[in-house]
Amino acid sequence: MRNFFKSANKNSVREIVFNLCMPIFLACISFVILFIVIYSQIGNPGRYIEILKVTTQSSDQVDLLTLKDIYEGEDSSEKVPVVVPGEKDDPGYSSGEEGNSGIENDGSSEAGGDGLSSIVFPAYNTRYGIFEVPKYNMKQDLFFGASYAAVEKGVGQSMGSYLPGFGGTTVLCTHNSRVRQFDSSNPITAGDEIKITTNYGVYSYIVESVIIVDTSDFNKYVVVSKDNNDLIFYTCYPLHTPSGATQRMIITAKLVSVDILDI
Amino acid sequence: MIRYIKNFVLIVASVLLSLCLFFSVVCMVSGMLLTSPGFYKGVAQRAPGYIQEVYEKTQKDIIFKGTLSGLDKSVFENLLTYDITEALINERIDNVMTGADMPSLKVLTDAMREKAEENFPQVEQQALDDFADFMDNVIAEDTEISFFPDIYPQLDAFFSSASLYLVMILSVAIVGLFFAVWFTAGGNVQNRLRWMLFSVSAAGLMCIFLSVLLFLLNDAAVFNFSTQDLRIYLSEMKICFASVFAVAGIVLVLLVVIYFIAVAVYKKLKRKRPL
């Protein structure tokens, strides 16, 4: 080793250093060029991650966490604000959309009776029951989450409202084209029955009122309460308008019977 | 003056050559990995807790959605096992990659059908068939890697057609830049070769930098948009990419180092050889 260093003259040392440094220098220059090109073309990559976060906020993960907080009240010391469609906290909020009043959970709401505590909560956009109006022999799939995808396939339940049987108000909605019978020669009226069938129970409601309101007044009539197990169903009105409906039909129904299934 | 311009051109050509080589390596490695079913399956198996997560989610879903039909909970309990989940994930990956829409593992739907027939002999065959189809879709959705069926066709299109043009352009550019370096480097053959190898080792170093960056990337922050199982999967995929880039980079750098050692040894031996 000592001989090697002795024999190495100044020039060869310089050559070795040059051979070592040149690739590093080239790599650094290339990286800088690459960074400048990428930054000028697509901007800050972090921005795309933010966009991804915003566009996927209604993923199963987020909604299931919210649900868990609402129903199970994991941390009873902490108040968990419920994300209600139409409220500013809702990821899918946009002005002019239907919404409910926000409620806060004090962690005391139990997941229904003993028989309901073992329920696996549905994921966002999954079918969890059947919405039925016996008067019209109408049966529609009931989805968890009032997303566009859900109301395209059936009836959607607003995420901020309670599942049937969990003590609070259940808010459902769908496209007006799906419930045109409600405004037919035999319209839906007070006293008609609405049934919701799930795998943990069958819930029967009796219609109390059917009202038509302007979109601006919507929030006054669709109010979620943890003490009131009513069903609120709404859709765009007039029912025969394919688009641009400026009113909402709101049906309020009272829970009259519950048939808990053995699960 | 001419000498300075020549050196500047040499540096620019070397930098461009490094960039082209780096892109070639990245394209080659990504193409090899992203179009191989073995890679996706391997990631699923290596990702800590991924299969377990999917297994638990699917198990819950089978029971929840199965009981919607009115059948008893016992029909759906203990149907799914960890091994079956693993087989289902592999099957879904194959389905997406081959474009086939095969039903989910038949063993599972058959077992479900058998149990349902035992418990509820009065149930019609048609109803059972419909139900099996429904459950098949539920299982398929649960065991699928999120986003994968949407993203894979684009990846496949890119690596099968667009990357062909890219490879052609890069090959032409690399050959052209090799010549540019060769003619501007000047001196003897060894010096010209040395300049080319500088670019090769620079590309190798860039691959190593990239792998270090990938290793350092904070999964929790970057993959925050995804669900728990997908996050586990993407983290493992990131580690796989980082490892492969590190290996590719080390190989390139080692090749150059070996060349320089070989040249040094050769020179030494030549000097010692008696006349």
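**View 1. A:Asn137, an exposed loop residue of chain A.** In this predicted model, A:Asn137 has 8 C-beta neighbours inside 10 Å. The cut-off for an exposed residue is 12 or fewer, so A:Asn137 counts as exposed. The residue sits in the loop between strand S3 (127–133) and strand S4 (138–144) of chain A. Its phi is near 55°. That is a positive value in a residue other than glycine.

**View 2. The cis peptide bond between A:Tyr237 and A:Pro238.** Omega of this bond is about 0°. A:Pro238 belongs to the loop between strand S9 (231–237) and strand S10 (247–260) of chain A.

**View 3. Chain A, with six helices and ten strands.** Chain A has 263 residues, and 31% of them are buried. Contacts in chain A with a separation of 6 or more include many from distant positions: residues 24 or more positions apart account for 58% of them.

**View 4. Chain B, with eleven helices and zero strands.** Along the sequence, the pattern reads α-α-α-α-α-α-α-α-α-α-α. Of the 275 residues in chain B, 32% are buried. Take the contacts in chain B between residues at least 6 apart in sequence: 78% join residues at least 24 apart.

**View 5. Helix H3 (residues 50–67) of chain B.** H3(B) has 18 residues. At 1.5 Å a residue, the helix should span 26 Å. Its end C-alpha atoms are 26 Å apart, so the expected span and the model agree. Buried residues of H3(B) include B:Tyr50, B:Ile51, B:Val54 and B:Tyr55. B:Thr58, B:Gln59, B:Asp61 and B:Ile62 are also among them. So are B:Phe64, B:Lys65, B:Gly66 and B:Thr67.

**View 6. Packing of helix H1 (residues 2–34) and helix H11 (residues 228–272) of chain B.** The two helices pack at an angle of about 135°. Their axes are 11 Å apart. The angle makes H1(B) oblique to H11(B), because angles over 145 degrees are needed for roughly antiparallel. The crossing of H1(B) and H11(B) is right-handed.

**View 7. Residues at the contact of H1(B) with H11(B).** H1(B) brings B:Val25, B:Val29 and B:Leu33. In H11(B) they meet B:Val244, B:Phe245 and B:Ala248. By class, this contact has six nonpolar residues, no polar residues and no charged residues.

Notes: Residues are numbered from 1 along each chain as its sequence is written. Chains are lettered from A and ligands numbered from 1 in the order in which they are written. This is a predicted model: local features need pLDDT of at least 70, side-chain atom pairs count only at pLDDT 80 or more; totals for chains, interfaces and linings use all residues. Helices (H or I, at least four residues) and strands (E, at least two) are DSSP runs, numbered from the N terminus. A residue is buried if 20 or more other C-beta atoms lie within 10 Å of its own, exposed if 12 or fewer, and partly exposed in between; C-beta atoms are placed from the backbone. Two residues are in contact if their C-beta atoms, placed from the backbone, lie within 7 Å. The expected span of a helix is 1.5 Å times one less than its number of residues. Axes are lines fitted to C-alpha atoms, for helices over the stretch in contact, and angles run from 0 to 180 degrees between N-to-C directions. Angles under 35 degrees count as roughly parallel, over 145 as roughly antiparallel, 65 to 115 as roughly perpendicular and the rest as oblique. A crossing is left-handed if the near helix is turned anticlockwise from the far one by less than a right angle, and right-handed if clockwise. Ala, Val, Leu, Ile, Met, Phe, Trp, Tyr, Cys and Pro count as nonpolar, Asp, Glu, Lys and Arg as charged, and the others, Gly among them, as polar.
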